[in-house]
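I opened this entry to keep a record of what I looked up, going from strands to cysteines and then to the cores.

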Amino acid sequence: MQLSIRPKSSASETLDCILGHAIKIGASDIHIDPERDCLTIRMRIDGILVHCLTISDSIHQELIARIKVLASLRPDIHLLAQDGRFSYRPMPSVDTNKNVMVDMRVSIIPTNYGENAVIRVLLGMERASNFLELGFSPDDQAVILNALASAEGMILVTGPTGSGKTSTMYAMLRAISEQPLSIVTLEDPIEYSMPRVRQIAVDHRHGINFGNGLRSLVRQDPDVIMVGEIRDIETAQVATNIALTGHLLISTLHTVDSIGAVTRLEDIGIDPYLVAHTLSVVVAQRLVRKICGMCDAQGCESCLYKGYKGRTVIAEVLEIDEEMRAYISSKMPAAEILRHARSRGMRTMRDHAHEKVEWGMTTIEEIKRVLDL
C-alpha cells in the first residue's frame with residue numbers, strides 16, 4: 001500500500017495523509033527526513049524501516065511547523081532539540097476499526113539540511129492485552145504471574161531498544177490492575193495512560209529523575225512501583241531498597257540475556273547478596289516478525305508484500321530460586337547460573353525462537369536477523 005499525497009496539498013493535509021497512512025498500516029514510527037533537495041518519508045513497520053514517499057522540500061518548514069503546533073512546541077526555535085506529544089483522531093477515510101484518538105510522541109532535532117522529525121505512533125495498547133497475545137508461552141506466563149502475586153521483590157525486563165520491554169511491563173500492570181493495590185509508575189516518558197494506575201513522568205527540567213522520583217513515590221504508600229529503567233547506581237540502590245522493604249518493583253535493564261541482568265546490577269554497584277535477595281524474575285526478550293497468515297510468507301496486499309505481518313516475542317524467563325540465590329551471593333560464574341536455570345526447565349531465547357520456527361510462526365531467516373545466529 002503506497003502513500004500518495006495530492007499535488008499542492010497544504011502542510012496540514014500532507015500531515016493528515018502521513019499520519020493516517022501510518023495508522024492504517026500499523027507503523028510504529030514515522031521519520032520525516034530532510035535531504036539536500038527533497039523530503040523523505042519513512043515508516044517503521046514490524047521493526048523494519050521502509051521508504052514510503054519522497055516529496056518536494058518546499059513544504060518542509062510548514063510541515064515541521066504544523067507538527068510543532070500540534071505537539072505544543074516552540075515554532076520559533078530551530079537550532080535546539082524539542083520533544084512533545086499530541087493526540088490525533090484519524091480522518092474518516094482511514095479504516096482503523098476503532099474511531100479512537102491515537103497518541104503521538106514527537107522528537108525534532110536540527111540537522112545539516114534542516115529540522116528532522118520522528119513521530120512515535122502509540123497504538124500498542126490495543127494489541128497487547130496479555131502475555132499470551134504478546135507471545136509468551138503458558139509456562140513463562142505462569143512464572144511471571146507468580147512473581148506478580150508476591151508482595152515484594154524485583155521483576156526486570158531486559159533487551160535492547162525496540163525489543164518490546166515497555167509492552168511487557170504494561171502487560172504486567174494490566175494483570176494486577178484490578179486487584180486492591182496501589183500501583184504507581186515513574187516513566188520517561190509516559191507511553192500509555194492506564195486506568196487505576198498513578199503515572200508520573202520524569203522531568204529533568206524540574207529536577208525529577210528516576211532516583212529522587214523513586215524516593216518520593218515510596219512516600220505515596222504504594223504496593224507496586226514500575227520505574228521505566230534502572231540506569232545508574234542511585235536508581236539501582238533506591239530500587240533495591242524498595243524491593244527489600246515490602247514493595248514489588250518492576251523495571252528494565254539493557255542486557256543481552258537474562259543472566260546478564262545479574263552481572264549488570266553487580267557492575268552498577270549493587271552487592272551480590274542484595275541482588276540475590278531482591279530479584280524474583282528476569283525476562284529477557286526480542287521481537288521477531290510473524291509469517292503473514294493471509295499469504296504464508298509469499299507476499300500480499302495485507303502484509304504490504306513483505307511476507308510478514310505483526311510481531312511476536314521470543315523470551316527467556318529466569319526464575320530466581322533459593323539455590324540460584326546462593327549461586328548469585330557467592331558470585332558463581334554466569335555459565336553456572338545458566339546451567340542451573342536450564343536444569344530447572346528454563347528455555348533460552350534461542351530455544352523459544354526455534355520452537356516458533358517449528359510451529360510455523362516465523363522463519364529461520366528472521367530469527368537469524370534478530371538474534372544474529
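**Strand pairing and the sheet**

I began with two strands of this predicted model, and found that β7 (residues 153–158) and β11 (residues 248–253) pair in the parallel sense, with six bridges between them. Looking along this pair, I noted that I155 stands opposite I250 in β11.

I then asked myself in what order the strands of the open sheet follow one another. Reading across, I wrote down β9-β8-β10-β11-β7-β12-β13, which makes seven strands with mixed pairing. At the edges I found β9 (198–201) and β13 (308–319), and because each has a single partner strand, one side of each is left without a neighbour in the sheet. I also looked up the turn between neighbouring strands of this sheet, which is 20° on average when direction is ignored.

Next I looked for a helix against this part of the structure, and noted that α12 (residues 349–358) lies across β12 (279–291) and β13, running at about 145° to β13.

**Cysteines**

How many disulfides does the structure hold? I counted zero. Since a disulfide needs two cysteine sulfur atoms within 2.5 Å, I checked distances for two of the cysteines. For C38, the nearest cysteine sulfur belongs to C52 and is 14 Å away, and C38 is in no disulfide. For C300, the nearest cysteine sulfur is that of C295, at 3.7 Å, and C300 is likewise in no disulfide.

I also asked whether these two residues are buried or exposed. C38 has a relative accessible area of 17%, so it counts as buried, because the cut-off for buried is under 20%. C300, with a relative accessible area of 15%, is buried as well.

**Nonpolar cores**

I turned to the largest nonpolar core, which has 37 residues, and noted that I30, I32, M43 and M104 are those with the most contacts inside it. When I looked up which elements supply at least two residues each, the list included the helices α1 (11–25) and α2 (60–70), and, among the strands, β1 (29–34), β2 (38–45) and β5 (102–111). The element that gives the most to this core is α1, with seven residues.

I then followed M104 and, leaving aside its neighbours within four places in sequence, found it in contact with L19, I23, G84, R85, F86, Y88, I119, R120 and V121.

Last, I recorded a second, separate core of 36 residues, and F210, V275, L279 and A341 are among them.

How values were computed
Residues numbered from 1 in each chain as written. Predicted model: local features only at pLDDT ≥ 70, side-chain atom pairs only at ≥ 80, totals over all residues. Heavy atoms only, no water. Pairing = 2+ DSSP bridges. Helix = DSSP H or I, 4+ residues; strand = E, 2+ residues; numbered from the N terminus. Axes fitted to C-alpha atoms, helices over the stretch in contact; angles between N-to-C directions. Contact = heavy atoms within 4.5 Å. Buried < 20%, exposed > 50% of the residue type's maximum accessible area, 1.4 Å probe, protein only. Core = buried A, V, L, I, M, F, W, Y, C linked by side-chain atoms within 4.5 Å.
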